[in-house]
Amino acid sequence: MSLANAVAQQPERIIGSPLLEIRAVAKRFGSRDVLKNISLHIASGEFLTLLGESGSGKTTLLRLIAGFEQVTVGEIWMAGERLDSLPPHRRRVNTVFQHYALFPHLNVRENVAYGLRVKNTPSSEIHGRVDEALGMVKMRDFAKTKPSKLSGGQQQRVALARALVNRPQLLLLDEPLSALDANLRKQMQSELKALQREIGITFLFVTHDQEEAMALSDRIALLRDGALEQIASPREIYANPVTAYTAQFIGQTNLLRGEVRNGEAVCGGLRFPATGESGAALFSLRPEAIFPSGKRLLAATDVHFRGIIRKQIYGGSSELLEVHCGDGQLMKIRIPACGPLRGEHEFCFSPRDAVRVRE
Amino acid sequence: MYSRTYKAIVSVLPLLWITLFLLLPYALMFAHSFWAVRDGVIIHQWNLENYKALFINPLYGGVLFRTMRIAAAVTLCSLALGYPLAYFLSFHSGARKELLYQLVIVPLWVSYLVRGYAWKTILGSDGVLNGFLQYVHIAHQPVGFLLYSPFAVVLVLTHIYTPFVFLPIYASLEHIPRPLVEASQDLGAGPAKTFLRVILPLSMPGLLAGATFAFVLSLGDFLAPLLVGGPSGTMIANIVQSLFGAAYEWPLGAAISVCILFITVLLLFLTERLEKRWSFQ
């Protein structure tokens, strides 16, 4: 069995009952349908990511849940309560904004205390909870600092503390890491994930970065042009993409176009066994599921093909080959780093790794 | 950087302007305030009599006090009108924003005098307002205090200076990043708390600038009291004008001007410091 399929069959992390239910929600701005008939459940304690290109509607969906926009059609429920009819300040939801949106006239402590203060929490309680929240994000030493004096990463932590101090049932994060540089971003990713595990609050995270989504999420909801393309765990969505769009958006893939007849797929010069209905078909084959023929134990079912190496992109531990097959098909193949290659070679893959996808 | 010739060429005009129209007149005014008039001639004899007269003669102190009261009233009234207007335009006017903004600005293009005369026809004893009040039987004879009173002066100045108050407030409201308002709501603050805790503090620089405009411009105004003030609505600038005119008391007029200038500069200094304290963007 191939690696990709093997990992997909590991059990998913066990998560609780539904906290948030999005029921057939649509949003229209003027004549533009930004969201089309979205239905989605978020389990209590889950880390769910809304992934999509800019303009896919992911931020709009987040704003509908926060209450900054009104749904055109549909309902949003949280913990048995209708959410979409409440004004934003009455929802037990907090948001971490893309550019943090810290109050510039308040210092770090006052920023974090804001939510408790406007809800008239006793000041003795405010003090302890703010300290706790600042400790959680390691920002206690900056309590008296104004936001303008903080770095991006520090502002990010304060924004997180300001939201978490209210102990929301659901935390919405709108591309919170997109303004940080690469290294800091990686570090914040792992801190964010650790924090979420520790406090057990449900996270709904918006990003356009598929790697970030893969690294953080329990499940990924992929949005495309305002519609839900696929929702599954990172492993499942990578190993078994339902559509060609998903296969291409999440990681890299080769799309093989052809036909299925009598249990056999014919894609150009390639023939391999395939199930499912007969007719035109599209398969996704990940670059790392293809091997140079000599480099692995032969299995009887393996599909072999020859191709000429056109391009070799060195990536440290691995290399990406672009191989021209006889029938005009261009194949991307990822192999362990092996030094310069040229000329014609034979490659093989297991037919199980060719996943049939919809257009 | 820039050559010395370039710097010299660029700075000569502004310097000339400032010297001719600012420094020189101020120096002359300042000098005059220490001189005297004898037998209808200004004599260059340095003394403090003009400043003494200012404090001893209750007329000047009284009018100056009234002027400051009127300026304060104008400031409060134009803030009360200008702030809500700016707030509405900035946050709730939607697609009509540009149009409404132009409508607020348009009166600034109409001559001050025209607007002053317009109020005269509205407020006079056979004016539009009195006619209306009698028509609906609220008043049985013309209401006198409408025209030629401090009330009329405050009304006209408020009408004229509200756009000046509106503009800086509107600009500072437009500068507030909208995510801050959303963040406030998100953290559980309703509209009133969001206004008091986020919008008002962040618009403070604009509010202070607007208030300063209204107060300082009203303090030195002499057209409104001339048109609609009457004897009870006389302001300090009218006194100065008459001292420089028919009365031919330039030194006393200059001394009063120096006092007003002092008050104005002090006020500008204070509000600038306050504005700095409240500026975060």
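**Exercise 1. Into which domains is chain A divided, and where do they begin and end?**

Solution. This is a predicted model, in which local features need pLDDT of at least 70 and side-chain atom pairs count only at pLDDT 80 or more, while totals for chains, interfaces and linings use all residues. Residues are numbered from 1 along each chain as its sequence is written, and chains are lettered from A and ligands numbered from 1 in the order in which they are written.

Step 1: chain A consists of domain 1, residues 3-243, and domain 2, residues 252-357, with bounds that come from an automatic or database domain assignment. Step 2: the C-alpha centres of domain 1 of chain A and domain 2 of chain A are 38 Å apart. Step 3: six residues from domain 1 of chain A and seven residues from domain 2 of chain A form the contact, where two residues are in contact if their C-beta atoms, placed from the backbone, lie within 7 Å. Step 4: on the side of domain 1 of chain A that touches domain 2 of chain A there are three nonpolar, three polar and no charged residues; Ala, Val, Leu, Ile, Met, Phe, Trp, Tyr, Cys and Pro count as nonpolar, Asp, Glu, Lys and Arg as charged, and the others, Gly among them, as polar.

**Exercise 2. Place I333(A) in its strand and describe its surroundings.**

Solution. Step 1: I333(A) lies in strand β18 (residues 330-336) of chain A; helices (H or I, at least four residues) and strands (E, at least two) are DSSP runs, numbered from the N terminus. Step 2: I333(A) is buried, because 24 other C-beta atoms lie within 10 Å, and the cut-offs are 20 or more such atoms for buried, 12 or fewer for exposed, and partly exposed in between, with C-beta atoms placed from the backbone. Step 3: leaving out residues up to four places away in sequence, I333(A) touches P287(A), I290(A), L321(A), V323(A) and F347(A). Step 4: for one of these, I290(A), the C-alpha atom is 5.9 Å from that of I333(A), although 43 residues separate the two along the chain.

**Exercise 3. Describe how α11(B) packs against α12(B).**

Solution. Step 1: the axes of helix α11 (residues 236-244) of chain B and helix α12 (residues 250-277) of chain B come within 8 Å and cross at roughly 155 degrees; the axes are lines fitted to C-alpha atoms, for helices over the stretch in contact, and angles run from 0 to 180 degrees between N-to-C directions. Step 2: α11(B) and α12(B) are therefore roughly antiparallel to each other, since angles over 145 degrees count as roughly antiparallel, under 35 as roughly parallel, 65 to 115 as roughly perpendicular and the rest as oblique. Step 3: from α11(B), I236(B), I239(B), V240(B), L243(B) and F244(B) meet W250(B), L252(B), G253(B), I256(B), S257(B) and I260(B) of α12(B). Step 4: by class, the residues of this contact are nine nonpolar, two polar and no charged.

**Exercise 4. How many residues does each chain give to the contact of chains A and B?**

Solution. Step 1: chain A gives 18 residues and chain B gives 18 residues. Step 2: β6 (93-96) and α3 (108-118) of chain A each supply at least two residues of the side of chain A that touches chain B, and the largest share, three residues, comes from α3(A). Step 3: this side of chain A holds nine nonpolar, eight polar and one charged residues.
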